[in-house]
Structures are given as C-alpha cells and as structure tokens.
Amino acid sequence: MSEIEIKLRIIRLIISQKGDILQELYNLILSKLFKEKKQPTPLSALESGYKEMSEDVEREKEALEWAEGTLNGETL
C-alpha cells in the first residue's frame, strides 16, 4: 500500500467518526506526531547548575538585592 493510499484510508476513517471518538483520534494523532517535542532535552552540566541555582529562592533573592545595590541611580 502506498503512502497516498494510507493517507486516503486514514482520512476516510476520520471523516466517518463523530463526537468523542473523533476527539480521541485527534488527541491520539497529536500525541504521536508531537511526542518528540514533549520530551525535554537533557541539560548539560552547566545548564543543570544554572537551573539548580535559579530554583534556590533565597539565593536568587540575595543575588537580586546585590545587583540592585550595585546600580548607580545617577547614571541610569
């Protein structure tokens, strides 16, 4: 069976469906087509370190306070 024949058969099957089954088919197709995009790519060691630091709320608060303290309001 050629790709064109498969596509036509799939389209005919989908057209014949209604309601909940049609919604289930739609969800199934989307999940299969976009499966790779949903899987996160592994982080490098550097990215993991930055992610870990950014999730440390207290450290982020201190870093923001330090950064604001280094700003010179007169030159802004």
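**View 1. Confidence along the chain of this predicted model, from helix α1 to helix α3**. Within the protein, confidence is highest in helix α1 (residues 3–15), at a mean of 91, and lowest in helix α3 (residues 35–38), where the mean is 62. Taken over the protein, the pLDDT averages 84, and 88% of the residues score at least 70. Where pLDDT is low, the predicted coordinates should not be read in detail.

**View 2. The helices of the protein and its accessible surface**. The protein holds five helices and zero strands, so that a reader who follows the sequence meets the pattern α-α-α-α-α. Of its 76 residues, 0% count as buried, and the accessible surface comes to about 7,500 Å², with 60% of that area belonging to carbon and sulfur atoms.

**View 3. A patch of negative charge on the surface, with helix α5 as its main contributor**. The residues that gather in this negative patch are E52, D56, E58, E60, E62, E65 and E68, and helix α5 (residues 57–70) gives the most to the patch, with five residues. D56, another member of the patch, is found in the loop between α4 (45–54) and α5. D56 has a relative accessible area of 34% and is therefore partly exposed, a value that also lies over the 30% required of patch residues.

**View 4. The salt bridge between K51 and E55**. A search of the whole structure finds one salt bridge, in which the side chains of E55 and K51 meet at 2.5 Å, taken from N to O. Side chains of opposite charge can pair when their charged atoms come close. K51 counts as partly exposed because its relative accessibility is 42%.

**View 5. A nonpolar patch on the surface, formed by M1, I6 and I10**. Together, M1, I6 and I10 have about 300 Å² of accessible area in this patch. M1 is found in the segment before α1, and M1 counts as exposed because its relative accessibility reaches 63%, whereas the cut-off for an exposed residue is over 50%. Helix α1, which follows that segment, spans residues 3–15 and is the helix in which confidence is highest, at 91.

Methods: Residues are numbered from 1 along each chain as its sequence is written. This is a predicted model: local features need pLDDT of at least 70, side-chain atom pairs count only at pLDDT 80 or more; totals for chains, interfaces and linings use all residues. Side-chain values use heavy atoms; hydrogens and water are left out. Patches are made of residues with over 30% relative accessible area and no salt bridge: like charges are joined within 9 Å, nonpolar side chains (Val, Leu, Ile, Met, Phe, Trp, Tyr) within 5 Å. Accessible areas come from the Shrake-Rupley method with a 1.4 Å probe; for residues, only the protein chains shown count as cover. A salt bridge is a side-chain nitrogen of Lys or Arg within 4 Å of a carboxyl oxygen of Asp or Glu. Lys and Arg count as positive and Asp and Glu as negative; His and the chain ends are not counted. The place of a charge is taken as NZ of Lys, CZ of Arg, CG of Asp or CD of Glu. Helices (H or I, at least four residues) and strands (E, at least two) are DSSP runs, numbered from the N terminus. Buried means under 20% relative accessible area, exposed over 50%, partly exposed in between (1.4 Å probe, protein chains only). pLDDT is the predictor's confidence in each residue, from 0 to 100.
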